[in-house]
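Visitor: Please give me a close look at one part, the charged pairs of side chains, and then connect them with whatever surrounds them.

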Amino acid sequence: MTASSTRRTTAKSRIAAVGAIAVAGALILTGCGDQTDKGGSSSETAKPNSAPLFSKLPKKIQDAGVIKVGTNAEYAPMESTEGGKIVGVDPDLADALSKQLGVKFEFTSGSFDGLITAVNSGRYDIAMSSITDNKQRQEGLDDKGKKLGEGVDFVDYFVAGTAIYVKKGNPENIQGLEDLCGRTAAVQRGTTYEKALQDQSKKCKDAGKKAISIESFENDTEAQTRVKSGGAVAGINDYPVAVDLARKADGGNAFEVINKQYDAGPFGIVLSKKNTELRDVLKEAVDAIIKDGSYKKVLEKWGAQSGAIDQSAINGGK
């Protein structure tokens with residue numbers, strides 16, 4: 001889930017998901033479906049730990065030995081499910097972060113549009129799911145600036161824009177968002193790219209053209225299916241996600257990506273505004289993995305080098 005409003009916020013940018021107490025041997029546990037964590041790992045008592053940043057973690061996290069992560073594992077290469085495990089850029093970055101922090105990152109997959117609420121309710125410590133950092137989310141506002149609820153903080157770790165993908169061969173000759181006026185486009189609900197489509201649809205009407213027929217789905221797989229079947233002329237997604245989709249779907253024969261990227265902005269790890277201690281040490285950890293090269297290795301592994309940043313930021317989105 002990219003760019004100006006979310007990862008997924010509206011051009012959804014949808015561009016998170018993203019060690020036991022011993023530093024070497026960190027595992028990323030996964031949970032399929034929107035379910036609560038089970039088992040005893042979260043109740044383990046913290047032991048002496050030599051990880052560089054362990055001592056800066058909140059005492060609650062030290063004692064638990066785990067950071068509970070909410071994600072929406074439907075955005076390869078950022079986060080997806082393979083063989084019952086959540087894999088991708090975000091889980092691998094979390095693995096690198098765990099070596100700095102000395103605790104495990106435990107991922108659970110649920111609906112994208114419920115992740116921020118789940119963080120603020122305390123269900124998850126963080127959300128890592130290709131979530132675009134923007135002012136709306138920081139302040140808990142809707143598209144018109146009305147207060148909806150609590151805002152959140154972001155620790156930025158990646159940058160991506162919104163992309164348009166179409167059927168292979170581009171039979172409708174879509175070259176940009178402006179070509180979607182009067183046509184049907186598919187998108188995942190609650191993302192920044194959904195907002196991007198809404199903004200473009202208004203521009204279409206202001207120019208005397210027909211509005212875009214926006215079909216919003218709970219998950220991105222449904223949106224992809226709609227484009228593949230011809231029911232929508234295009235889908236909107238984060239740029240790295242769209243590129244990966246075009247490369248892999250039907251062996252590269254199902255989709256192609258329009259060579260434009262809109263509204264590039266940062267993806268951030270989401271935290272409650274009350275959780276400043278964890279926020280600050282996560283920023284240090286992101287900067288540490290950038291410096292030691294493990295960050296670059298993860299992005300290269302998944303072909304996501306275009307989203308690399310030089311330094312983390314807190315609430316860097318506009």
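Guide: The side chains of Arg183 and Glu172 meet in a salt bridge, with N and O 3.8 Å apart, where a salt bridge is a side-chain nitrogen of Lys or Arg within 4 Å of a carboxyl oxygen of Asp or Glu. Arg183 and Glu172 both lie in the loop between E9 and E10, so the pair ties together parts that are 11 residues apart in sequence; the names E and H stand for strands (DSSP runs of E, at least two residues) and helices (DSSP runs of H or I, at least four), numbered from the N terminus. This is a predicted model, in which local features need pLDDT of at least 70 and side-chain atom pairs count only at pLDDT 80 or more, while totals for chains, interfaces and linings use all residues. Residues are numbered from 1 along each chain as its sequence is written, and side-chain values use heavy atoms, with hydrogens and water left out.

Arg183 is partly exposed, with a relative accessible area of 28%, and Glu172 is partly exposed too, at 40%; the wording follows a scale on which buried means under 20% relative accessible area, exposed over 50% and partly exposed in between, with a 1.4 Å probe and protein chains only. Side chains of opposite charge can pair when their charged atoms come close. By the salt-bridge rule, the count comes to 17.

Another of these pairs is Arg226 with Glu215, whose closest N and O atoms are 2.6 Å apart. Arg226 sits in helix H6 (residues 220–229) and Glu215 in strand E11 (residues 213–217), 11 residues apart, and the pair links distant parts of the chain. Arg226 counts as partly exposed, at 29% relative accessibility.

A further salt bridge joins the side chains of Lys273 and Asp153, at 2.8 Å from N to O. The pair links distant parts of the chain, with Lys273 in the loop between strand E14 (262–272) and H8 and Asp153 in strand E9, 120 residues apart. Lys273 is partly exposed, with a relative accessible area of 39%, whereas Asp153 counts as buried, at 4%. Asp153 and Lys273 also belong to a network of salt bridges that includes Arg279 and Asp280.

The loop between E9 and E10, where the account began, takes part in a link of another kind: Cys181 and Cys204 form a disulfide, with sulfur atoms 1.9 Å apart, the rule being a pair of cysteine sulfur atoms within 2.5 Å. Cys181 lies in the loop between strand E9 (152–167) and strand E10 (184–188) and Cys204 in helix H5 (residues 192–206), so this disulfide ties together parts that are 23 residues apart in sequence. With -80 degrees about the S-S bond, the link is left-handed. Cys181 is buried, with a relative accessible area of 16%, and Cys204 is buried as well, at 1%.

Helix H5, which holds Cys204, has 15 residues that should span 21 Å at 1.5 Å a residue, and its end C-alpha atoms are 21 Å apart, which agrees; the expected span is 1.5 Å times one less than the number of residues. Among the buried residues of H5 are Thr192, Tyr193, Lys195, Leu197 and Cys204. Just after H5, Gly208 takes a positive phi of about 80 degrees.

Helix H8, already named beside Lys273, leads on to the largest cavity, which has a volume of about 30 Å³. The elements that give two or more residues to the lining of this cavity are helix H2 (89–101) and helix H8 (276–292). A cavity is, on a 1 Å grid over the protein atoms alone, a set of points where a 1.4 Å probe fits but cannot get out, and lining residues have an atom within 4 Å of a point; grid points are joined across faces, edges and corners, and a volume is the space filled by probe spheres set on the points. Leu93, Leu97, Met128, Tyr157, Ile269, Val286, Ile289 and Tyr295 line the largest cavity. In contrast to the charged pairs above, this lining has 8 nonpolar, no polar and no charged residues, where Ala, Val, Leu, Ile, Met, Phe, Trp, Tyr, Cys and Pro count as nonpolar, Asp, Glu, Lys and Arg as charged, and the others, Gly among them, as polar. Helix H2 is mostly covered, with 11 of its 13 residues buried, and just after H2, Gly102 takes a positive phi of about 80 degrees.

How values were computed: On a 1 Å grid over the protein atoms alone, a cavity is a set of points where a 1.4 Å probe fits but cannot get out, and a pocket is an open set with protein on both sides within 12 Å along at least five of seven lines; lining residues have an atom within 4 Å of a point.
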